[in-house]
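Student: Could you take me through how features of a model like this are read, beginning with a single residue and ending with a sheet?

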Amino acid sequence: MPLAANDRKPTPKPQPLRRAAPLSWQPGLWRLPLFEHAAVLAGITDRTLSTDRIEQTLSFARAVVSADQVHGASLAAIESSSPSSVPIPGCDGLASSQSGLALVVRSADCLPLFAWDPVRRVIALAHVGWRGLARHLPIRLVTFLHTLYH
């Protein structure tokens, strides 16, 4: 039975965007402070940044969670903050509504895909190669966020 208009919860209004600070850089890491007003930090690394260095750089995070990156189209929702140095097996995409988590994917000739819902305060990150594109991973990622968090 559909909900009547007055039975629905009001959707929170997004906060206005503030002007972002310029890019900052340190060896192996570009920091994109585009979403800092929402406590979302996006970054890009090159091949010189080791996993240990990524974890040191993200030391402010409660946990660093990475995808196994199997060149497929599987996704995982991360809703706990138990630290683990083991990537989430069998997946190429991660989503979470938990603050303080750092989601990590690595990319060389594949695409890193980032999705963010500022109203629901949900983020997602995926490693999309040609197999992921053929299996509609970008669309699956958006559908995954919508199904889990809306």
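Student: In which helix is Thr-51 found, and is Thr-51 buried, exposed or partly exposed?

Tutor: Helices (H or I, at least four residues) and strands (E, at least two) are DSSP runs numbered from the N terminus, and Thr-51 lies in helix H1, residues 51–57. Buried means under 20% relative accessible area, exposed over 50%, and partly exposed in between, with a 1.4 Å probe and protein chains only; Thr-51 counts as partly exposed because its relative accessibility is 46%. The model is predicted, so local features need pLDDT of at least 70 and side-chain atom pairs count only at pLDDT 80 or more, while totals for chains, interfaces and linings use all residues. Residues are numbered from 1 along each chain as its sequence is written, and side-chain values use heavy atoms, leaving out hydrogens and water.

Student: How are the strands of the sheet ordered, and what is the pairing?

Tutor: Strands of a sheet pair through backbone hydrogen bonds, either parallel or antiparallel. Two strands pair if DSSP finds at least two bridges between them; here four strands form an open sheet in the order E5-E6-E9-E8, with mixed pairing. Strand E5 (75–77) and strand E8 (111–117) are the edge strands, each pairing on one side only.

Student: How many bridges join E8 to strand E9?

Tutor: Seven bridges join E8 to E9 (residues 122–128), and the two run antiparallel; Asp-117 has Val-122 in E9 as its bridge partner.
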